[in-house]
Number of protein chains: 2
Amino acid sequence: MISWQTIQTKLKEIAHLEKILALLSWDQETYMPPAATKSRSEQISFLVGEWHKRICDPWWDEVFTQRETIPDLSSDHKRILEIFKKDREKEVKIPLELATALATAVSEAFQAWQEARSQSDFSLFQPALQKIFDLSLEKAAALGYERENAYDAFLDLHEEGLTQKDFDPLAIEALKVIQKVLHTIQEKSTPPRKDFLSRNYPIEKQQLLCTWILPRIGFDTQRGRLDVSPHPFSTTIALDDVRLTTRYSENDPLGSLYSVLHEAGHGLYEQGFLPQWEDTPLAQAISLGIHESQSRFWENQIGRSMEFLTWLWPEMKRTYNGFLDDVTVEEVFRAVNEVKPSFIRTEADEVTYGLHIIIRYEIEKKLFAGEITLSEAPEVWNSLYTSYLGITPQNAREGILQDVHWSHGSFGYFPTYLLGNLYASQWYAVMGKTLDIPSLVRKGEFQPILEWMRTNIHQHGRRYDAQTLCERISGEPLNVVYFASYLKQRYESVYGISLPL
Amino acid sequence: MISWQTIQTKLKEIAHLEKILALLSWDQETYMPPAATKSRSEQISFLVGEWHKRICDPWWDEVFTQRETIPDLSSDHKRILEIFKKDREKEVKIPLELATALATAVSEAFQAWQEARSQSDFSLFQPALQKIFDLSLEKAAALGYERENAYDAFLDLHEEGLTQKDFDPLAIEALKVIQKVLHTIQEKSTPPRKDFLSRNYPIEKQQLLCTWILPRIGFDTQRGRLDVSPHPFSTTIALDDVRLTTRYSENDPLGSLYSVLHEAGHGLYEQGFLPQWEDTPLAQAISLGIHESQSRFWENQIGRSMEFLTWLWPEMKRTYNGFLDDVTVEEVFRAVNEVKPSFIRTEADEVTYGLHIIIRYEIEKKLFAGEITLSEAPEVWNSLYTSYLGITPQNAREGILQDVHWSHGSFGYFPTYLLGNLYASQWYAVMGKTLDIPSLVRKGEFQPILEWMRTNIHQHGRRYDAQTLCERISGEPLNVVYFASYLKQRYESVYGISLPL
């Protein structure tokens with residue numbers, strides 16, 4: 001007898017497995033002893049198997065068939081089933097042999113990528129990557145896509161509903177805006193002072209500053225925590241257990257500060273779901289792009305603003321006592337907003353960041369369209385860097401091998417990073433109509449800003465898809481206009497120049 | 001078709017669940033955000049349910065029935081099945097309603113105990129404890145026991161095969177030995193110097209010392225780690241992932257040192273199982289008593305010896321530079337071995353420790369025999385303290401409410417602590433026949449000592465039961481003679497007196 005209660009029980013089992021898996025991965029990245037890799041991967045495989053079994057349980061087909069006759073289903077319940085059905089189809093459509101073959105290929109490719117990266121030799125990665133790529137084409141076919149665009153299947157996996165047709169105009173427009181900003185800055189400005197960034201900032205003091213900031217921007221440390229890991233990330237073990245990580249480097253105090261703000265943005269989103277919907281899609285993030293809009297917003301729109309730094313400045317000086325006596329907050333503002341072409345995406349400033357994304361997007365498109373082969377990819381990569389950023393990678397490590405995503409089979413992931421930047425700017429513009437953001441930030445009053453996010457975005461979970469949410473909030477689809485106006489405002493102020501936008 | 005492979009697959013699933021549960025609990029005690037208690041207990045319940053389902057799977061009955069006809073079962077495999085069958089029966093015999101009622105009662109009793117303890121009022125705990133106790137009698141009946149001794153069912157749960165009939169003579173003999181030692185020390189000795197223990201020992205330095213020691217006594221930090229928790233414990237997430245915790249207090253540097261040595265003893269045992277038997281009983285501890293023999297051995301026989309302290313002394317002085325300039329290592333030796341009656345078991349010295357165990361054992365026996373009621377227990381408790389230790393608890397918090405075990409329904413647990421001390425002494429005596437322990441320890445050469453444990457105890461897992469192992473190692477059953485001779489040797493040296501043993 002199918003009822004909301006039986007559905008909920010099954011959803012909860014799936015959610016428990018996902019949460020426990022999140023803990024296993026968090027532990028693996030933070031505290032797990034080095035020799036435990038093998039036993040941990042066995043534990044994870046076991047739980048993934050249990051999860052997969054429950055997702056693919058044919059009982060769900062009955063639920064979807066009988067949906068109209070199940071008693072007492074509210075519209076919320078129906079929306080939950082609708083989302084779950086879509087998610088589930090993406091799992092069910094992949095034949096078990098393909099999933100297994102991909103898992104094996106990924107595990108081999110990850111090792112090959114590490115080796116290739118350490119030797120800066122793409123050819124060591126290429127055969128393993130080719131295997132993943134071929135299997136990924138099969139996966140795209142299994143998932144299904146319209147016309148010839150196999151890549152769309154992968155875009156959809158990371159940003160539901162996204163197609164090349166949607167993303168192309170955004171990428172083209174963003175490219176224009178970024179290049180205008182970049183070229184003007186390169187022509188008309190002088191580099192900011194940065195000597196004070198390479199001083200020795202003790203890690204315990206960086207930690208103190210980060211943990212001082214977190215509760216002040218609204219991150220609930222009773223329901224979350226901050227740890228250290230080689231690659232910063234955030235993860236949700238339960239709505240009351242949201243964990244962030246960062247890394248600390250003695251001579252990069254701003255690296256830890258901005259990675260904490262970034263991850264806190266993700267964490268604030270997860271802490272903002274409604275507890276009554278825990279373990280259902282109504283307490284889940286809409287998409288990677290929307291998630292990234294939260295992290296980018298707190299990192300850039302808020303965290304790199306002059307007002308934020310002015311608010312933080314006394315505490316920063318107190319923490320690093322003496323270290324900053326010869327520095328002004330304006331100099332810090334200019335240093336954290338320096339625009340300068342560089343090779344590594346994760347270290348890029350917020351203007352050139354988009355170029356890294358667009359380059360990988362263009363290459364992935366060409367690969368899936370069969371316009372280039374994998375062996376040609378490094379050359380295309382390098383020439384795109386030369387053309388968009390004016391710099392040419394000297395080796396594959398600082399070029400095409402820099403990111404882990406391909407070794408995971410995560411094609412189509414990068415566009416969500418650019419979407420995050422665009423959404424963040426659009427939210428910032430709309431929020432600015434009802435809130436005096438600079439003045440609130442200047443006083444450290446982040447509550448109204450967080451409330452706005454809670455009300456407009458967090459509380460809905462996946463009730464609306466990204467497009468609908470965007471229209472609800474801003475009255476128009478996602479576009480590059482707000483990104484442009486945000487960049488204009490920020491960088492005219494940083495560099496004291498006029499930007500032609 | 002039943003084969004060793006199908007059996008192993010099912011055993012592995014059960015083991016994965018146990019390991020993942022161990023991680024969930026470890027995380028709960030160490031890093032979990034405070035507000036996550038509820039979601040964590042849901043995750044744990046879910047996994048316990050999955051575990052229970054697999055343990056009780058009727059498929060196992062078929063396995064046991066067909067045992068003789070399963071092809072290619074080695075004698076090791078047969079031993080594994082024999083042990084698993086016994087373990088499983090203890091689960092299967094408890095009716096689900098009883099298990100559920102006990103789980104509910106325990107969760108209520110734990111809260112009641114915390115409240116009662118904080119108010120030092122046994123009557124606040126008594127009703128909840130009575131409920132657990134009544135259900136425990138039902139549980140004993142379900143498990144089965146001989147003659148009238150329901151308590152035996154609980155002894156067996158914590159130390160397989162242990163009965164009152166076995167333990168009584170050990171307890172009586174140990175009581176005699178302890179009282180002789182205690183009374184002689186009380187009559188003939190003067191208290192050691194202890195002023196230096198209450199100085200301020202920075203926690204980071206205590207941590208440095210503890211992590212310096214661990215690899216030196218053989219704890220593999222690639223396959224394990226040390227963290228902080230309110231109550232020190234050790235847990236095994238995999239044979240390659242053995243975790244210890246301790247707690248630090250600024251003016252109790254020896255508290256952290258000895259709790260680390262104690263937990264490391266547990267951890268060394270778990271790291272010593274053979275990897276090829278992982279996920280079977282042949283890579284599990286025999287019993288709580290044997291486990292405790294390992295922790296006690298490293299904490300007391302080794303860790304509190306003059307030779308250990310002499311070896312550690314230069315590092316200790318280096319770590320606490322300046323702090324110990326007016327102290328001699330002999331003074332430290334006497335301080336860490338002070339014998340003095342006190343109320344709290346976990347803070348007791350190694351001589352009076354046994355009295356705390358014997359008192360609770362006697363009370364539990366009387367309760368299960370119906371000789372006293374729960375309401376009479378606090379009075380019996382106090383009068384036994386007066387009679388055995390010569391001190392009378394002034395309140396229930398330093399008396400009958402001090403330990404959590406009863407609130408968990410863990411009756412019959414305490415005797416394993418005394419068994420641990422007795423076994424440790426017996427191993428020490430036998431080991432001493434082939435190894436010059438004092439001289440090895442003096443030089444910090446712990447490898448032969450650990451090797452002895454590995455060869456004689458660790459590598460066997462549960463191949464032998466505790467009694468058989470003891471006879472194999474020492475040629476005789478467990479007895480109090482070695483405990484007596486160890487105490488005589490140690491405390492004559494500590495106090496410079498002659499002990500009548």
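Contact means heavy atoms within 4.5 Å. The exercises below use a predicted model.

**Exercise 1. Which residues is Asp279(B) in contact with, leaving aside its neighbours within four places in sequence, and is Asp279(B) buried or exposed?**

Step 1. Locate the residue. Asp279(B) lies in the loop between helix 10 and helix 11 (288-302) of chain B.

Step 2. List the contacts. With neighbours within four places in sequence set aside, Asp279(B) contacts Leu11(B), Lys12(B), Ala15(B) and Lys19(B).

Step 3. Look at the side chains. Those of Asp279(B) and Lys19(B) make a polar contact at 2.7 Å.

Step 4. Judge the burial. The relative accessible area of Asp279(B) is 11%. Buried means under 20%, so Asp279(B) is buried.

**Exercise 2. Where is Ser256(B), and which backbone oxygen does its side chain reach?**

Step 1. Find the element. Ser256(B) sits in helix 10 (residues 253-271) of chain B.

Step 2. Follow the side chain. The side chain of Ser256(B) reaches the backbone oxygen of Pro253(B) at 3.2 Å.

Step 3. Check the surroundings. Leaving aside neighbours within four places in sequence, Ser256(B) touches Gln206(B), Cys210(B), Thr246(B), Arg247(B) and Tyr248(B).

Step 4. Check accessibility. Ser256(B) has 1% relative accessibility and therefore counts as buried.

**Exercise 3. At which residue does UniProt place the feature "active site", and what does that residue touch?**

Step 1. Read the record. UniProt, in an unreviewed entry, places "active site" at Glu263(A).

Step 2. Place the residue. Glu263(A) is in helix 10 (residues 253-271) of chain A.

Step 3. Name the contacts. Not counting residues up to four places away in sequence, Glu263(A) touches Pro232(A), Phe233(A), Ser234(A), Leu244(A) and Thr245(A).

Step 4. Assess burial. With a relative accessible area of 7%, Glu263(A) is buried.

**Exercise 4. How many bridges join strand 1 of chain A to strand 3 of chain A, and why is strand 1 largely enclosed?**

Step 1. Count the bridges. Five join strand 1 to strand 3 (residues 241-246) of chain A, and the two strands run parallel.

Step 2. Take one pair. Gly224(A) has Val242(A) in strand 3 of chain A as its bridge partner.

Step 3. Explain the enclosure. Strand 1 (residues 224-228) of chain A is largely enclosed by the rest of the structure because four of its five residues are buried.

**Exercise 5. What turn lays chain B on chain A?**

Step 1. Apply the turn. A turn of 180 degrees, with a shift of 0.0 Å along the axis, lays chain B on chain A with an RMSD of 0.0 Å.

Step 2. Name the relation. That is the relation of a two-fold axis.

Step 3. Compare the contact surfaces. The same surface serves both copies, and 100% of the contact residues of chain B recur in chain A.

Definitions and conventions:
Residues are numbered from 1 along each chain as its sequence is written. Chains are lettered from A and ligands numbered from 1 in the order in which they are written. This is a predicted model: local features need pLDDT of at least 70, side-chain atom pairs count only at pLDDT 80 or more; totals for chains, interfaces and linings use all residues. Side-chain values use heavy atoms; hydrogens and water are left out. Copies are superposed by least squares on the C-alpha atoms of residues with pLDDT of at least 70 in both. UniProt positions are given in the numbering used here, feature names are shortened, and annotations may be inferred rather than shown by experiment. Buried means under 20% relative accessible area, exposed over 50%, partly exposed in between (1.4 Å probe, protein chains only). A polar contact is a pair of N or O atoms within 3.5 Å; within protein, one must be able to donate a hydrogen and the other to accept it, and residues adjacent in sequence count only if both atoms are side-chain atoms. Two strands pair if DSSP finds at least two bridges between them.
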